[in-house]
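The exercises below concern surface exposure, salt bridges and helix packing. Each task is followed by a worked solution.

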Amino acid sequence: MIRDMARDFTEKHIKPVAAKLDEEKQFPYENLKKMAQLGLMGMNIPSQYGGSEAGVVAQSLAITEIAKGCASHAVTTSVTNMVAEVISIFGKEEIRKKHVPRICSGEYPAGAFALTEPHTGSDAANIRMTATRDQDGYVLNGTKTLITSGEAAGVTVTWAVTDKNAKKGKGITCFVIEKGTPGLIVGKAEDKMGHRASFTNELIFDNCFVPASSVMGAVEEGFKIAMVELDGGRIGIGSLAVGVGLAAIEFATKYVMEREAFGQPLSNFQAIQWMIADSYTALEAAQLLVLRAAHLKETNQPFTKEASMAKLYAGESARDAAVRAVQMLGGYGYTKDYPVERYLRDIIGTTLYEGTSEVQRIVVAREIMKRL
Ligand code: CAA
């Protein structure tokens with residue numbers, strides 16, 4: 001039911017505007033609000049905090065449907081759900097009560113997850129932003145970069161070093177910070193290749209004071225919070241990639257069934273049929289990997305390896321499918337008259353954010369070797 005509802009919403013409200021939003025780099029405030037009202041912004045959140053308690057599998061299915069219409073809507077939805085979840089698990093009760101219902105209801109257009117810094121992305125434990133103890137709280141100083149929804153987020157979770165002398169990864173604390181807090185400055189918005197209807201910002205923390213209640217989980221245990229939440233986030237991005245890949249190959253398949261060359265439809269040629277078969281086979285396998293990871297998470301079983309496998313395989317399979325889709329349309333695939341060039345631009349992002357494909361391979365290999 002939830003998948004069908006997300007599909008229906010995508011057909012009616014997202015697909016018709018996706019190309020224009022991409023072209024004009026417009027953030028879909030209105031649609032995101034409506035999606036929150038449908039329960040799509042707190043899908044794995046208890047109802048006492050305004051969530052829809054639909055679970056991780058339903059969330060994955062919904063994100064795939066949304067991504068078939070627009071990757072920007074889907075990434076904003078995925079990250080916002082992740083932020084609602086991290087606050088609902090690790091936030092103090094007053095913080096949960098304040099922010100999570102506002103995310104779920106759409107009062108906040110989005111949530112942001114601010115980990116990456118200009119000098120370090122993949123090596124997340126190497127962040128330099130500092131949080132210095134000050135009376136009843138902390139003063140944050142540093143810069144975060146490439147932050148999804150940075151300027152739209154009503155609330156942001158972020159990470160800073162609280163103990164410079166601790167071993168790598170040990171002295172990091174996670175904080176929650178509200179939009180409009182003095183010293184939190186929204187920097188430049190990136191002009192991206194894809195996901196152009198989503199914001200990707202720099203965030204500058206300039207002597208930014210946060211009360212002690214803003215600490216998420218325990219002091220100096222922030223790195224693990226980031227890792228745990230990214231495991232879940234990767235299921236969201238894998239789900240998104242499957243949606244974009246399926247949209248690309250479905251469009252191209254319909255096209256080749258109509259387009260004729262050498263006196264017959266292109267779909268009669270085996271070279272084309274193989275592109276269709278290879279793309280659907282990989283994408284359906286990718287979706288099973290994604291759903292397996294979602295099921296493991298939903299049933300409280302370990303899922304680190306499975307989430308990374310799912311994101312890795314889904315991102316790369318969908319990228320291959322989008323490349324083939326452009327090829328199947330020939331020169332037209334290279335124009336903005338057809339959506340496949342947008343799918344290709346969008347899909348590249350999924351092999352980069354929330355851990356590059358290379359990082360996923362590291363995670364998978366380490367998890368396998370740990371168990372041998
Ligand atoms: N769950 C729980 N704990 C974990 C964990 C996980 N998945 N992964 C690591 N840890 C723990 C380890 O057990 C270890 O703890 P102990 O020392 O107590 O044993 C600690 O964290 C350090 O782990 P590692 O030694 O494995 O750390 P590392 O420095 O080698 O890094 C990494 C590992 C996998 C490369 C990690 O840095 C990583 O995931 N990098 C990618 C970061 C990333 O995905 N960034 C995206 C940011 S968000 C985004 O894209 C945009 C957005 O807006 C959402």
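## Exercise 1: a surface residue

L372 has a relative accessibility of 85%, so L372 counts as exposed. The model is a predicted one.

Task: state where L372 lies along the chain and which nonpolar surface patch includes it.

Solution.
1. The cut-off for exposed is over 50% relative accessible area, and L372, at 85%, counts as exposed.
2. L372 belongs to the segment that comes after α10, the helix of residues 357-370.
3. Together with I368 and M369, L372 makes a nonpolar surface patch of about 370 Å².

## Exercise 2: a salt bridge between two helices

Task: for the salt bridge of E316 and R361, give the N to O distance, the helices involved and the exposure class of each partner.

Solution.
1. The side chains of E316 and R361 meet at 2.8 Å, N to O.
2. This pair links distant parts of the chain: E316 sits in helix α8 (residues 304-329) and R361 in helix α10, with their positions 45 residues apart.
3. E316 has a relative accessible area of 17%, and is therefore buried.
4. R361 has 41% relative accessibility, so R361 counts as partly exposed.

## Exercise 3: two further salt bridges

Task: classify the partners in the salt bridge of E341 with K336 and in that of D4 with R3, and name the network to which E341 belongs.

Solution.
1. In the bridge between E341 and K336, the closest N and O atoms are 3.5 Å apart.
2. Salt bridges with shared partners join E341 and K336 with D22 and R345 into one network.
3. E341 counts as buried because its relative accessibility is 15%, whereas K336, at 53%, counts as exposed.
4. D4 and R3 form a salt bridge through their side chains, at 3.2 Å from N to O.
5. D4 is at 38% relative accessibility and so counts as partly exposed; R3, at 35%, also counts as partly exposed.
6. A search of the whole structure gives 25 salt bridges.

## Exercise 4: a helix pair

Task: how are α6 and α9 oriented to each other, roughly parallel or roughly antiparallel?

Solution.
1. Two packed helices are described by the angle and the distance between their axes.
2. The axes of helix α6 (residues 222-258) and helix α9 (residues 340-350) come within 10 Å, and they cross at roughly 160 degrees.
3. Angles over 145 degrees count as roughly antiparallel, so α6 and α9 are roughly antiparallel to each other.
4. The crossing in which α6 passes α9 is left-handed.

How values were computed
Residues numbered from 1 in each chain as written. Predicted model: local features only at pLDDT ≥ 70, side-chain atom pairs only at ≥ 80, totals over all residues. Heavy atoms only, no water. Patch = residues over 30% accessible without salt bridge, like charges linked within 9 Å, V, L, I, M, F, W, Y side chains within 5 Å. Areas by Shrake-Rupley, 256 points an atom, 1.4 Å probe, with all protein chains shown as cover. Salt bridge = Lys/Arg side-chain N within 4 Å of Asp/Glu carboxyl O. Helix = DSSP H or I, 4+ residues; strand = E, 2+ residues; numbered from the N terminus. Buried < 20%, exposed > 50% of the residue type's maximum accessible area, 1.4 Å probe, protein only. Axes fitted to C-alpha atoms, helices over the stretch in contact; angles between N-to-C directions. Parallel < 35°, antiparallel > 145°, perpendicular 65-115°, else oblique. Left-handed = near helix turned anticlockwise from the far one by under 90°.
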